[in-house]
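Take a look at the chain shown here. This report walks through its inside, its surface and its loops.

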Amino acid sequence: MIVLNRIDIIHRDLKPANILLTKDNRAKLADFGLARKFDLQQEQDSLLQTQVGTPYYKAPEIYEQKGYSDNVDLWSLGILLFQMVRGDIPFHARSEQELF
């Protein structure tokens with residue numbers, strides 16, 4: 001995932017279902033349907049605005065609709081790591097609106 005950010009690609013839908021294991025137990029990232037090439041050197045005006053991703057793994061910047069960049073992948077990675085350590089997601093809600 002960090003390598004993707006180095007080549008200016010934002011995955012935007014990092015979640016357990018999109019991480020696959022090979023037969024030699026290496027993790028592979030899948031489902032690049034929401035991925036987007038993003039030039040981090042561009043002006044602030046070019047931040048992404050699209051509401052995409054899985055609710056429990058979405059970064060707050062996506063919900064705020066103020067624009068976001070590659071940091072949304074780091075948020076999702078943090079949620080994944082929390083889930084791996086604790087066995088549960090950090091935020092619970094009945095609806096996406098309540099989650100926000």
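## Nonpolar cores

A59 touches V72 and W75, leaving out residues up to four places away in sequence. Apart from it lies another core, of five residues. L14, Y57, I79 and L80 are among them. Keep in mind that this is a predicted model.

Where does A59 itself belong? A59 is part of the largest nonpolar core. That core has nine residues. V72 is also one of them, along with I10, F38, L47, L48, V52, I62 and Y68.

## Two residues of helix α3

Helix α3 covers residues 71-86. S76 lies in this helix, and so does M84. Is S76 buried or exposed? S76 has a relative accessible area of 5%. Buried means under 20%, so S76 counts as buried.

What does S76 meet there? Leaving aside neighbours within four places in sequence, S76 is in contact with L14 and Y57. The side chain of S76 also reaches the backbone oxygen of Y57, at 2.7 Å. Both L14 and Y57 are among the five residues of the second core described above.

M84 gives another picture. Its relative accessibility is 67%. The cut-off for exposed is over 50%, so M84 counts as exposed.

## A nonpolar patch on the surface

Which residues make the nonpolar surface patch? They are L81, M84 and V85. The patch has an area of about 360 Å². M84, the exposed residue of helix α3, is thus part of a nonpolar surface patch.

## Positive phi in two loops

Now turn to the backbone. R12 is not a glycine, yet its phi is positive, at about 70°. R12 is found in the loop between β1 (9-10) and β2 (19-21). Is R12 buried or exposed? With a relative accessible area of 10%, R12 is buried.

D31 is a residue other than glycine, and its phi is positive too, near 55°. D31 sits in the loop between β3 (27-29) and β4 (36-37). How accessible is D31? Its relative accessibility is 43%. Partly exposed covers the range between the buried limit of 20% and the exposed limit of 50%, so D31 counts as partly exposed.

Note on methods. Residues numbered from 1 in each chain as written. Predicted model: local features only at pLDDT ≥ 70, side-chain atom pairs only at ≥ 80, totals over all residues. Heavy atoms only, no water. Patch = residues over 30% accessible without salt bridge, like charges linked within 9 Å, V, L, I, M, F, W, Y side chains within 5 Å. Areas by Shrake-Rupley, 256 points an atom, 1.4 Å probe, with all protein chains shown as cover. Salt bridge = Lys/Arg side-chain N within 4 Å of Asp/Glu carboxyl O. Helix = DSSP H or I, 4+ residues; strand = E, 2+ residues; numbered from the N terminus. Buried < 20%, exposed > 50% of the residue type's maximum accessible area, 1.4 Å probe, protein only. Polar contact = N/O pair within 3.5 Å; in protein donor to acceptor, adjacent residues only side chain to side chain. Contact = heavy atoms within 4.5 Å. Core = buried A, V, L, I, M, F, W, Y, C linked by side-chain atoms within 4.5 Å.
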